[in-house]
Amino acid sequence: MQTRLAFAYAAGVYAAGVFVLVCVAVPLAGVQSTKPKDQPSSGAITGTGNGISLPQLLTGSTVALVILIPVALALGWFVAGRFLHPLRAMTATAKIISAGDLHRRLDLGEPTDELTELGHTLDDLFARLQASFDAQRHFVANASHELRTPLAGLRTLLEVALADPDADADTLRSACQEALALGGHQERLVKALLVLATSERGISRWDTLDLAHIVEGVLASRRGQATERGIDLAEHLTPAVTAGDPRLIESLVTNLIDNAIRHNHRDGHIEITTQISGTQATLTITNSGTAIPNDQVQRLFQPFQKLAPNRNGRRDGYGLGLAIVNAVTQAHHATLTTSARPEGGLSIAVRFA
């Protein structure tokens, strides 16, 4: 690379030298020099003669052009080296980063030019990659823990049942029922993980849909659960047409409503609103519940993050519901706004462009 650039710069310098030489030599070829002629009657100098001869001019020009060749090559090599120095530093640092040291950065300083802008862009890319890898490692660790817990419980349950020599049909039936419950727990967890992975992958289809229609369908399957817990559902649904993946948006609505029911208290309430705000279709869900510190709200939208191990005395939920909501929102380039209510609970609004 440096050799090619050096020849290119040398050619430019040589061409500039030839141009300057031609501009100087052509006028000199016609210059007339004044020569002294002795006159007895006076000391005046009179008469003219020819200036620089053509052979002299050609000889001098040839020597200058020959000398200019190594000068141009040296200047071209020097300039190419100076130009490629930041690129070499960027390449070396990028190799170190790609080898596993994601905390390193290029950190190109002044002057600000195209190369430093490229360096800043790469630094931003490395920062996003580091965040992505950290999130992936954190996700895998938490997923492994969440999956290992029911598996260990299932194994212990079966070992205890098999080791009991006095186990009768009722005891084995009870153990099977508990095993089925643990299996259902694993199945729901795996399903939630698949939904989260699908949401983070992005949108595969864009269809026109009505948020109000989707909310009605989800509420139809959740009213019984809310009634059992004594939670009042108030809905204010007006047509809110937008574009997106119907399956993912249904998952978003489902997880928002499930989260509002699961982390509510008895005799609590949930208010669901769909509307058009300007050019945006907006879904808002407000629920009562446990008071949440403002500095803990954003953390709840990360995978496997819970406000407490057991917020309301129950162990349902995996800390994935709001993470799925966040992933679906980002996939649709929507805006997610969350605030903790002073009296307890959350108010969550999703605005689709």
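**Note on the sheet, its helices and the core**

1. Five strands make up an open sheet with mixed pairing, ordered β4-β6-β7-β9-β8. At its edges lie β4 (232-237) and β8, each paired on one side only. From one strand to the next the twist averages 10 degrees. The model is a predicted one.

2. Within the sheet, β7 and β9 are antiparallel partners, joined over six bridges. One residue to look at here is L283, whose bridge partner in β9 is V350.

3. Two helices lie across this sheet. Helix α7 covers β6, β7 and β9 and runs at about 20 degrees to β7. Helix α8 lies across β8 and β9, at about 145 degrees to β8.

4. The two helices also pack on each other. A helix pair of this kind is described by the angle between the axes and the distance between them. For α7 (residues 246-262) and α8 the angle is about 145 degrees and the axes are 9 Å apart. Their crossing is left-handed. On the α7 side the contact is made by L248, I249, S251, L252, N255, L256 and N259, and on the α8 side by G321, L322, I324, V325, V328 and T329. Eight of these residues are nonpolar and five are polar, with no charged residue in the contact.

5. Nonpolar side chains in soluble globular proteins tend to be buried together. Here the largest nonpolar core has 47 residues, and V253, L256 and L283 touch the most other members. At least two residues each come from α4 (169-201), α5 (211-220), α7, β6 (269-277), β7 (280-287), α8 and β9 (346-352). The largest share is that of α7, with eight residues. Separate from this core is another, of six residues, including M90, I97, L106 and L108.

6. V253 deserves a separate entry. Leaving out residues up to four places away in sequence, V253 touches I214, V215, V218 and L283. L256, listed with V253 and L283 among the residues that touch the most other core members, is also part of the α7 contact with α8.

7. H332 sits in the loop between α8 (321-331) and β8 (335-340). Is H332 buried or exposed? Its relative accessibility is 5%, so H332 counts as buried. Beyond its neighbours within four places in sequence, H332 contacts I203, W206, A243, G244, D245, L248, I249 and F352. Of these, L248 and I249 belong to α7, where they also meet α8.

Key
Residues numbered from 1 in each chain as written. Predicted model: local features only at pLDDT ≥ 70, side-chain atom pairs only at ≥ 80, totals over all residues. Heavy atoms only, no water. Helix = DSSP H or I, 4+ residues; strand = E, 2+ residues; numbered from the N terminus. Buried < 20%, exposed > 50% of the residue type's maximum accessible area, 1.4 Å probe, protein only. Contact = heavy atoms within 4.5 Å. Axes fitted to C-alpha atoms, helices over the stretch in contact; angles between N-to-C directions. Left-handed = near helix turned anticlockwise from the far one by under 90°. Nonpolar A, V, L, I, M, F, W, Y, C, P; charged D, E, K, R; others polar. Core = buried A, V, L, I, M, F, W, Y, C linked by side-chain atoms within 4.5 Å. Pairing = 2+ DSSP bridges.
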